[in-house]
Amino acid sequence: MTSVPTPIPSRTQYVQDEIKHRILTGQLRPGQALVESELAAHFGVSKTPVREALKTLAGTGLVVMSQYKGVTVRMVDADMAREVYDVRLLLEPEALRRTVRRRASLDAARDALERAAAAADTAQRSLANREFHRALYVPCGNPLLGKMLDEVRDQAALVSAVAWAADPSWDREAAEHREILELARAGDAQGASRALRDHIASFVRRAFPEVRDEEAEEAEGDREGAKGAKDAKGAKDAKGAKGEQHS
């Protein structure tokens, strides 16, 4: 019986999933070269599905394609972390608030939390962590909002993988996850949203202190600007009062 060859799209998807898994679990490190011929030999496919998989991964922000350097795993720095986590801070707490207000099921989030607690290694824990966060925002009732968060999900996972490799903080984050889920299941939409925002913000501040410093400088600038505006208004009011006294 003649075997039917696997269609190229399936091979492409397989290669894409495997490369992504290795990137997000730290097996392929930021800056590491991804050579088509080597990957093709490793996965037992031609270079065509590898090339297509790498193009797709470049579109998601996990790899970078350069005319001179070839394809490499994307480097993670404070600028990238700030960009990705800014999007999460703007959208994810609001999505969770809507999920809770809709009284949507959070069973998937609970199951992901249990898988994370029972994980045998970093890879399993990392994947369970991603599933937990997605289970909080997908039921929000707005498919576009969920899609927007899905689009930064892989990049956020890459940032997390790099941060965890340098400073594992699973226990702290697991406790924060439990708090978020408890508030959500209790129907406290605002409390759950606030806890999730604090969770995301504290993670990026711990992992990338330079982001915290820049945010502190911006906040200080905002305070000085507000103080300057208040002083100017006070001076204007005083001048107006003085004019009234002379008239």
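**Figure 1. Packing of helix α2 against helix α3 in the predicted model.** Helix α2 covers residues 36-43 and helix α3 covers residues 47-60. The two pack at an angle of about 115°, and their axes lie 9 Å apart. Angles of 65 to 115 degrees count as roughly perpendicular, and α2 and α3 are therefore roughly perpendicular to each other. The crossing of α2 past α3 is right-handed. On the α2 side the contact is made by Glu-36, Ser-37, Leu-39 and Ala-40; on the α3 side it is made by Lys-47, Val-50, Arg-51 and Leu-54. By class, the residues of this contact are four nonpolar, one polar and three charged.

**Figure 2. The hairpin of strands β1 and β2.** Strand β1 spans residues 63-66 and strand β2 spans residues 70-73. They pair in the antiparallel sense, over four bridges. Val-63 stands opposite Val-73 of β2. Three residues form the hairpin connection from β1 to β2.

**Figure 3. Arg-103 in the loop between α4 and α5.** Helix α4 covers 78-101 and helix α5 covers 107-118, with Arg-103 in the loop between them. The phi angle of Arg-103 is near 55°, a positive value in a residue other than glycine. Most residues other than glycine have a negative phi. The relative accessibility of Arg-103 is 76%. Exposed means over 50%, so Arg-103 counts as exposed.

**Figure 4. Surroundings of Glu-92 in helix α4.** Glu-92 has a relative accessible area of 2%. The limit for a buried residue is under 20%, so Glu-92 is buried. Leaving aside residues up to four places away in sequence, Glu-92 touches Val-87, His-133, Tyr-137, Leu-149, Leu-196 and Ile-200.

**Figure 5. Surroundings of His-199 in helix α9.** Helix α9 covers residues 189-207 and includes His-199. This histidine is buried, with a relative accessible area of 6%. When residues up to four places away in sequence are not counted, His-199 touches His-133, Glu-173, Glu-176, His-177 and Ile-180. His-133 is listed among the contacts of Glu-92 and among those of His-199. Glu-179 is 20 residues from His-199 in sequence, and the C-alpha atoms of the two are 9.9 Å apart in space.

**Figure 6. Packing of helix α8 against helix α9.** Helix α8, residues 170-185, packs with α9 at an angle of about 165°, and the axes are 8 Å apart. Angles over 145 degrees count as roughly antiparallel, and α8 and α9 are therefore roughly antiparallel to each other. Their crossing is left-handed. Helix α8 contributes Arg-172, Glu-173, Glu-176, His-177, Glu-179, Ile-180, Leu-183 and Ala-184 to the contact. Helix α9 contributes Gly-191, Ala-192, Ala-195, Leu-196, His-199, Ser-202, Phe-203 and Arg-206. The contact residues divide into seven nonpolar, four polar and five charged.

**Figure 7. Setting of the close-ups within the protein chain.** The chain contains 10 helices and two strands. Along the sequence these follow the pattern α-α-α-β-β-α-α-α-α-α-α-α. Of the 247 residues in the chain, 38% are buried. Among contacts with a separation of 6 or more, 71% are between residues 24 or more positions apart.

Technical notes:
Residues are numbered from 1 along each chain as its sequence is written. This is a predicted model: local features need pLDDT of at least 70, side-chain atom pairs count only at pLDDT 80 or more; totals for chains, interfaces and linings use all residues. Side-chain values use heavy atoms; hydrogens and water are left out. Axes are lines fitted to C-alpha atoms, for helices over the stretch in contact, and angles run from 0 to 180 degrees between N-to-C directions. Angles under 35 degrees count as roughly parallel, over 145 as roughly antiparallel, 65 to 115 as roughly perpendicular and the rest as oblique. A crossing is left-handed if the near helix is turned anticlockwise from the far one by less than a right angle, and right-handed if clockwise. Contact means heavy atoms within 4.5 Å. Ala, Val, Leu, Ile, Met, Phe, Trp, Tyr, Cys and Pro count as nonpolar, Asp, Glu, Lys and Arg as charged, and the others, Gly among them, as polar. Two strands pair if DSSP finds at least two bridges between them. Buried means under 20% relative accessible area, exposed over 50%, partly exposed in between (1.4 Å probe, protein chains only).
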